[in-house]
Each structure stands twice: as C-alpha cells, then as structure tokens.
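Biologist: I'm new to this one. Could you walk me through how to read it?

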Amino acid sequence: MHIFHDAEELTKALKPDIPVILNRPHAARRAATYFVEQFPGKSLYAVKANPSPALLQLLWDSGVTHYDVASIDEVRLVRGTLPDATLCYMNPIKQETSIREAFQQHDVRIFSLDSKEELEKISRASGHAEDLTLCVRLQVASEFAEISLASKFGVEVDEAAELLQLARQAADQLGVCFHVGSQAMTPLAFVHALERVRTAIVEASVTVDIVNVGGGFPSIYPGLEPPSLNHYFQAIDRTFEDLPISYSAELWCEPGRALSAEYSSLIVKVEKRRGYELYINDGAYGTLFDAAHIGWRFPVKLIDSADNDTDFAEYSFYGPTCDDMDYMAGPFLLPDDIKAGDYIEIGMMGAYGSAMRTKFNGYGDHAEYDVLDEPMDSLYLGDYLDRTDRENVISFPHG
Ligand SMILES: *Cc1c(COP(=O)(O)O)cnc(C)c1O
C-alpha cells in the first residue's frame with residue numbers, strides 16, 4: 001500500500017470520491033508506549049474503541065499484552081489477530097454460550113460480572129474452573145465524564161458485599177472494576193470511584209487482588225482540553241496505594257479512547273454547499289456517529305495548499321444518507337470561501353470513528369491509508385505531556 005505524507009498529498013494524487021481514513025501508526029505506538037511506561041500498573045486496550053487488526057498489532061508490538069473484549073466476536077477477532085494476548089471478557093452481561101466458547105476455545109480466564117446470576121453462568125460455562133479471575137463491576141458516578149456509563153452496569157456499593165464474597169469463593173484472583181464514563185475531564189473522577197471501591201472492600205472484608213479503574217482516559221478535542229495524563233496516573237496511584245488491599249495487589253486500567261483517538265483522521269469531500277451547511281460524503285451512520293449523536297466537535301481543516309488568509313466561518317455538516325438525522329451540528333470552523341469539490345480533514349477520529357461505520361442507505365464504502373504527519377492534536381506531544389495550567393488539575397502533598 002502506498003504511504004502518503006499527509007492528507008494534501010493524498011487528495012492531490014487520488015481525488016477520492018469516498019471517505020478516506022488516514023492512519024498514523026506512529027501516533028498509536030506513542031500512545032501505547034506512554035501507557036505501558038507511565039501508567040503505574042497494567043494497561044489493557046478496550047477493543048471496542050477501534051477493533052482494526054492493524055491497530056491491535058501495533059499496540060501488541062508496543063507492549064500492550066491484555067485486551068478488554070466485550071463480545072464473542074471481539075474475542076474471536078483478538079484471538080485470531082494476537083494468538084498470545086491475554087483476553088479479558090469485561091462485559092458484565094454475557095451469553096452462556098459465549099462464555100463457554102471463550103473459555104474452551106480461546107483460553108479466556110478473566111471475566112467481569114455484576115450479579116449473582118452472571119457468576120453462576122460463568123461457573124457453569126467454565127465447568128467450575130479453579131483458575132478464574134473474576135472482576136466485580138461497581139456502579140460509580142459519571143458526573144465528570146462527557147459520556148455516561150453509569151446507569152447500565154455495576155452493582156451498587158452498598159449491595160456489593162455479598163457478591164464480592166461469593167466471587168471470592170469462586171475465583172482464583174478477585175478484582176474490582178468500574179468505568180467512570182468516557183472522556184473523563186478530571187482525575188477526580190477516578191479518585192471518587194476509588195473511594196467507592198474502598199467502601200465496598202471494607203464492607204465485604206474480602207482480599208482483593210486486582211483493582212481495575214477501567215477506561216475514561218481522555219483525548220483532546222475542541223472545547224474538551226483535559227489536564228495531561230500524568231495527573232490522572234498520579235491521582236490514581238496515590239488513591240490506589242491508600243486502599244485496604246494487600247501489598248501485592250495489582251492496578252489495571254483499560255483505556256479505549258486514549259490509546260486510539262490519535263491513530264486516525266478522516267478525509268471527506270464537500271458535495272454541496274448551502275449557506276453555512278456543507279453536504280459531505282460521511283456522516284452519522286458512518287465515521288461521524290459521535291459528531292451527530294452527541295454533538296462531538298472534532299477538529300477540522302480545509303485541505304488546501306494555498307496559504308491565503310481568508311476569514312473563517314462556522315459550519316454544520318449533512319452526511320450522505322437521505323435522513324435528516326444524518327446531521328452534525330458542530331459548529332465546525334472552516335474558511336469562508338469553502339465550496340463543493342473541496343476536501344476537509346477531520347482529526348482525532350481513531351476512537352469510536354471507523355468502529356461505528358454502517359452500510360445504511362448504501363454508504364459506508366471507504367478507503368484507508370497510512371500517513372506520516374502528526375495528528376491535529378496530541379496528549380502525547382509537547383506541552384500536553386506535563387500540563388499543569390488547567391483548573392481541573394488536583395494536586396497531592398508530596399512525600
Ligand atoms: C468502553 C469501555 C472501555 C473504554 O472506555 P474509553 O472511554 O474509551 O477509555 C473500558 N472498559 C469498559 C468495560 C468499557 O465498556
């Protein structure tokens with residue numbers, strides 16, 4: 001496959017009519033290396049954010065050994081791509097046939113659960129195996145995250161004691177896990193959740209071997225600029241060290257977004273302009289699901305070599321399908337004189353971008369290329385590696 005330097009070189013050469021996903025292997029490697037080296041524990045990759053086999057391989061080659069999978073298809077995909085990876089089946093509601101296949105055919109030993117029924121399912125489907133790692137999912141607040149994961153899964157803290165005790169009896173290793181919600185904008189989200197873990201452990205008086213703080217680590221988007229990741233890691237480390245757990249207990253995290261957001265951007269073509277609305281060739285049923293359904297504002301730029309200083313204006317986008325809901329409100333800031341036939345690059349699309357693509361209305365066809373330039377923004381470069389000038393940073397006394 002030809003490798004282009006950047007979006008401009010590609011659009012000049014190919015003049016693509018279909019959306020093009022640009023992958024940046026170096027950016028994925030950089031994110032993985034950062035987590036592997038800096039997170040004070042083990043980093044799992046949450047596959048749902050971007051299940052591309054090329055990305056899975058890059059993460060593996062960068063030292064990510066554990067993968068959070070949530071469906072039997074994800075189990076098969078990761079096992080097929082990375083034969084030696086450790087798979088963690090972290091959806092608290094699984095079909096018994098899926099648990100059995102994961103256990104028997106794909107060597108899965110790590111499961112999450114949030115109910116007695118699920119514990120019984122796992123026990124039956126694994127033939128009461130004695131080498132299981134069972135992670136009890138706790139319900140925590142999503143108040144600091146952009147996307148809630150609070151209402152669907154998790155046992156409430158004051159009802160967790162019995163489940164923790166039962167899981168302890170069935171497990172070789174007992175874990176506690178949670179998810180603070182996606183794009184958590186402050187480390188406090190994790191500190192508060194870990195305080196709930198403390199309460200649950202004390203109430204149940206069980207020995208816990210693993211504390212898994214889940215995903216939720218942010219990326220960076222217009223209007224959503226978090227503190228640098230080392231502040232998250234530091235806050236988690238301090239709070240974890242203070243928990244009533246054994247000296248040998250392990251700390252895990254399972255980022256999806258933070259490991260994949262910078263991996264990809266997207267080239268779209270403007271098919272028509274109507275005032276400040278642009279009709280483009282990708283949308284709500286394609287790579288731009290989050291831009292449509294939760295109003296996410298991704299960074300954009302006109303692909304154009306001319307260095308003219310035109311004024312900028314605020315645009316919204318319509319996708320290619322015949323559905324009014326195929327609409328991305330933005331606002332997206334682009335030059336005043338943008339017109340049909342122009343190309344736009346949309347950045348930070350690696351997480352929950354191509355993963356969301358459907359074939360609705362006959363769209364969904366796309367191309368993919370690797371490029372060499374840097375992502376439009378980065379939490380792993382320059383200032384963002386240690387950024388302290390944010391209100392939502394919390395500091396701990398040293399020593
Ligand atoms: C979605 C999910 C993740 C990844 O979340 P991000 O916000 O992308 O980091 C991690 N763990 C579980 C259980 C999930 O469902």
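**The ligand and the two domains**

Modeller: Let's begin at the ligand: one of its oxygen atoms sits 2.8 Å from a polar backbone atom of Arg257. That is a polar contact, meaning a pair of N or O atoms within 3.5 Å; within protein, one must be able to donate a hydrogen and the other to accept it, and residues adjacent in sequence count only if both atoms are side-chain atoms. This is a predicted model, where local features need pLDDT of at least 70 and side-chain atom pairs count only at pLDDT 80 or more, while totals for chains, interfaces and linings use all residues. Residues are numbered from 1 along each chain as its sequence is written, and side-chain values use heavy atoms, with hydrogens and water left out.

Biologist: Which atom of the ligand does Glu254 approach with its side chain?

Modeller: A nitrogen atom, 2.7 Å from a polar side-chain atom of Glu254. Gly216 uses a polar backbone atom instead, 2.9 Å from an oxygen atom of the ligand.

Biologist: How much of the ligand does the protein bury?

Modeller: Accessible areas come from the Shrake-Rupley method with a 1.4 Å probe; for residues, only the protein chains shown count as cover. Alone, the ligand exposes 390 Å², and the protein buries 92% of that.

Biologist: And how do I read the domains?

Modeller: Their bounds come from an automatic or database domain assignment. Here domain 1 covers 13-22 + 262-371, and domain 2 covers 26-260.

Biologist: How big is the area that domain 1 and domain 2 bury between them?

Modeller: The size of an interface is often given as the accessible area lost when the parts come together. It is summed over both parts, with a 1.4 Å probe. Domain 1 and domain 2 bury about 1,600 Å², 59% of it on carbon and sulfur atoms. On the domain 1 side, Tyr263, Trp296 and Tyr352 lose the most area to domain 2, together 44% of what that side buries.

Biologist: How many residue pairs are in polar contact between domain 1 and domain 2?

Modeller: Four, with both residues at pLDDT 80 or more.

Conventions
Buried area is the accessible area (1.4 Å probe) that two parts lose on being put together, summed over both.
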